[in-house]
Amino acid sequence: MPSDKNNKIPFNEDNYTHNIERDNERKLDRRGFMKTLVGAAGVFAISSLPWGAIAAKELMGLGEKEYPHKKITDVSGLAIGDAVEFKFPGDHDDAILIRLSETKYVAYQNACTHLRCPVFWVKEEGEMICPCHHGKFDVETGAPTAGPPRRPLPEIQVKVENGAVYAVRVKRYEV
Ligand code: FES
């Protein structure tokens, strides 16, 4: 007996079954897509909000940090116009103290903000100089004045007490 399959529209089993499966696939697709969206939004929120706040705090100069005070030199041991190198805040953090007048001292971390070469005080030129690529910094502010450096040297705040100069805190650079 010949099949009557070709005379029926739609076929009993085929179309009906295919439609159900297609709907389920669509639901799964939609759910999967929503999951991906929510996941991406979560990752974005986590990566942007808290870390952004921390970074902003650092960049706005709120990252000033006080360390245990460290004696750099006796006042009597540093003539006006001279400089002395020291380590602060850690034993591997190079820094420089310069005495500009009877009572005025400035100090900076002296790793060049270009590629971290040591920066020297050149009394005759009245500037701090990086020999690597001829970078120069203003001794009063630590701001770059020539060459490739774009950021100031991080300032170290000092205080004079009982005839000695102490390093107190590191001030982050401001943008
Ligand atoms: S490292 Fe100081 S100018 Fe390049």
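**View 1. Glu85 and its partner across the E2–E3 hairpin.** In this predicted model, Glu85 sits opposite Ile96 of strand E3. The two strands behind that pairing are E2, residues 83–87, and E3, residues 94–99, and they run antiparallel with five bridges between them. Together E2 and E3 make a hairpin, with six residues in between. If you're wondering what holds such neighbours side by side, strands of a sheet pair through backbone hydrogen bonds, either parallel or antiparallel.

**View 2. The turn of the hairpin and its cis peptide bond.** Zoom in on the loop between E2 and E3 and you'll find Pro89 there. The peptide bond between Phe88 and Pro89 is cis, with omega at about 0 degrees. That's worth a second look, given that most peptide bonds are trans.

**View 3. The whole chain, for orientation.** Step back for a moment before the next close-ups. The protein chain has one helix and 10 strands, and the helix comes at the N-terminal end of the element order, α-β-β-β-β-β-β-β-β-β-β. How much of the chain is buried? Of its 175 residues, 24% are. The exposed surface comes to about 12100 Å², with carbon and sulfur atoms supplying 56% of it. Looking at contacts with a separation of 6 or more, 42% are between residues 24 or more positions apart.

**View 4. The four-stranded open sheet.** Strands E5, E6, E7 and E8 line up in the order E5-E6-E7-E8 as an open sheet, and the pairing is antiparallel. E5 (120–122) and E8 (144–146) are the edge strands, each pairing on one side only. From one strand to the next, the twist averages 40 degrees. For anyone tracing side chains here, in a regular strand they alternate between the two faces of the sheet.

**View 5. Inside the sheet, where E6 meets E7.** How many bridges join E6 to E7? There are four, linking residues 127–130 of E6 to residues 135–138 of E7, and the strands run antiparallel. To pick out one pair, find Ile129 and look across to E7, where its bridge partner is Lys136.

**View 6. The largest nonpolar core.** This core holds 13 residues, and the members touching the most other members are Ile98, Val119, Trp121, Met128, Phe137, Val139 and Leu153. E3, E4 (105–109) and E6 are the elements that give two or more residues to it. A second core, of 12 residues, lies apart from this one, and among its members are Ile72, Leu78, Tyr105 and Val165. As a general backdrop, nonpolar side chains in soluble globular proteins tend to be buried together.

**View 7. Ile98 and its surroundings.** Which residues does Ile98 touch, leaving aside those up to four places away in sequence? The list runs Asp82, Ala83, Lys104, Tyr105, Val106, Trp121, Met128 and Val139. Trp121, Met128 and Val139 also turn up with Ile98 among the best-connected members of the largest core, while Tyr105 belongs to the core of 12 residues.

**View 8. The disulfide between Cys117 and Cys132.** The count of disulfides is one, and here it is: the sulfur atoms of Cys117 and Cys132 are 1.9 Å apart. The S-S torsion is about -90 degrees, so this disulfide is left-handed. Cys117 is in the loop between E4 and E5 and Cys132 in the loop between E6 and E7, so the bond ties together parts 15 residues apart in sequence. Are the two cysteines buried or exposed? Cys117 counts as buried because its relative accessibility is 16%, under the 20% cut-off. Cys132, at 34%, is partly exposed. Two further cysteines to look for are Cys112, buried at 3% relative accessible area, and Cys130, also buried at 3%.

**View 9. Two loop residues with positive phi.** Most residues other than glycine have a negative phi, so the next pair may catch your eye. Arg116, which isn't a glycine, has a positive phi of about 70 degrees and lies in the loop between E4 and E5. His134 isn't a glycine either, and its phi is positive at about 60 degrees; you'll find His134 in the loop between E6 and E7. Each of these loops also carries a cysteine of the disulfide. As for accessibility, Arg116 is exposed at 65%, and His134 is exposed at 63%.

Terms used. Residues are numbered from 1 along each chain as its sequence is written. This is a predicted model: local features need pLDDT of at least 70, side-chain atom pairs count only at pLDDT 80 or more; totals for chains, interfaces and linings use all residues. Side-chain values use heavy atoms; hydrogens and water are left out. Two strands pair if DSSP finds at least two bridges between them. Buried means under 20% relative accessible area, exposed over 50%, partly exposed in between (1.4 Å probe, protein chains only). Contact means heavy atoms within 4.5 Å. Accessible areas come from the Shrake-Rupley method with a 1.4 Å probe; for residues, only the protein chains shown count as cover. Axes are lines fitted to C-alpha atoms, for helices over the stretch in contact, and angles run from 0 to 180 degrees between N-to-C directions. A nonpolar core is a set of buried Ala, Val, Leu, Ile, Met, Phe, Trp, Tyr and Cys residues joined through side-chain atoms within 4.5 Å. A disulfide is a pair of cysteine sulfur atoms within 2.5 Å.
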